[in-house]
Amino acid sequence: MTSTTDRPRPTRMDTLTIAPYPTGPEYGCEPAAREIAEAVCRLYGGDAWRAEHRSPAWPHPENEIHGELTITVNNLRTVVHRHTVPAHTHRDLFTLTVDGRPVPAHLPRHRLSHATETIVANLWRDLHKMSPAGCDHLGCPDVPTVLTFGAALCPVHAQRYAETGLT
């Protein structure tokens, strides 16, 4: 019998292409992914978008990427919303990038980190160059780029949260 550290990590990812219009019965993330893609396209004034959602082929506590939604607007701008969970933890982390650049994160009160409104609001703030608030860790002035359920953290405090559960 091999130990759990000897086994290969189950990292195969499935990719789902999101169509602009439903082509049949939908399941899982399709309706939410389409809603986010349409909202992002409207925000950037686009008239066409492509979206793909990647997720693990099977759930496993060693899979760190739980979902990655990539949206391309007018073949010019690429937005990636990534949901990661450090292996063997239940600490959800959400990041947003535009053309590979991290977007400063802001979590409005009583909003979920992965909700369409939160994603679009953060993109809107970035598009209009609104100055980001500081990290939610007490006394930290750094720019937050990672959302959790209840906090917007800078990369240093997000890493600490991922490792220890403390912000």
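Which residues does N122 touch, not counting residues up to four places away in sequence? In this predicted model, the list runs L96, V103, P104, A105, H106 and L147. N122 sits in helix α2, and because its relative accessibility is 4%, it counts as buried. That makes N122 a handy place to start a tour, since its name also turns up in the linings of the cavities described next.

**Cavities**

Searching the whole structure turns up two cavities of 30 Å³ or more. Here they are side by side.

| Cavity | Volume | Lining by class |
|---|---|---|
| Largest | about 90 Å³ | seven nonpolar, six polar, no charged residues |
| Second largest | about 50 Å³ | five nonpolar, three polar, two charged residues |

Take the largest cavity, at about 90 Å³. It is lined by 13 residues, and those closest to its centre are F94, T95, L96, N122 and L147. Two elements, β5 (93-98) and α2 (116-127), each give two or more residues to that lining. No charged residue takes part in it.

The second largest cavity comes in at about 50 Å³. Its lining is made of V103, P104, A105, H106, N122, R125, D126, M130, S131 and P132. Here two of the lining residues are charged. Look back at N122 and you'll find that V103, P104, A105 and H106 are among its contacts, and these four also belong to this lining.

**Helix α3**

Now for helix α3, which covers residues 155-164 and has H157, A158, Y161 and A162 buried. Why do these four share a side of α3? They cover an arc of only 145 degrees around the axis, so they end up on the same side of the helix. The buried residues of α3 pack against β5, β7 (146-148) and β8 (151-153). Over on the face turned away from that buried side, P155, V156 and E163 are exposed. Just past the end of α3 comes G165, with a positive phi of about 85 degrees.

**Strands β2, β3 and β4**

How many bridges join β2 to β3? There are six, between residues 49-56 of β2 and residues 65-73 of β3, and the two strands run antiparallel. To pick out one pairing, R54 has E68 of β3 as its bridge partner.

On to β3 and β4: this pair is also antiparallel, with eight bridges joining β3 to β4 (residues 77-84). Here I71 is matched with V79 of β4. The β3 and β4 hairpin has three residues between its strands, and N74 takes a positive phi near 55 degrees. As a general point, side chains in a regular strand alternate between the two faces of the sheet.

**D14 in strand β1**

Last stop: D14, which is found in strand β1 (residues 13-18). Is D14 buried or partly exposed? At 33% relative accessibility, D14 counts as partly exposed. Leaving out residues up to four places away in sequence, D14 touches H53, R54, S55, P56 and A57. One of those contacts, R54, is the residue bridged to E68 in β3. As for T70, it lies 56 residues from D14 along the chain, and the C-alpha atoms of the two are separated by 13 Å.

Note on methods. Residues are numbered from 1 along each chain as its sequence is written. This is a predicted model: local features need pLDDT of at least 70, side-chain atom pairs count only at pLDDT 80 or more; totals for chains, interfaces and linings use all residues. Side-chain values use heavy atoms; hydrogens and water are left out. On a 1 Å grid over the protein atoms alone, a cavity is a set of points where a 1.4 Å probe fits but cannot get out, and a pocket is an open set with protein on both sides within 12 Å along at least five of seven lines; lining residues have an atom within 4 Å of a point. Grid points are joined across faces, edges and corners, and a volume is the space filled by probe spheres set on the points. Ala, Val, Leu, Ile, Met, Phe, Trp, Tyr, Cys and Pro count as nonpolar, Asp, Glu, Lys and Arg as charged, and the others, Gly among them, as polar. Buried means under 20% relative accessible area, exposed over 50%, partly exposed in between (1.4 Å probe, protein chains only). The arc is that of the directions from the helix axis to the C-beta atoms. Contact means heavy atoms within 4.5 Å. Two strands pair if DSSP finds at least two bridges between them.
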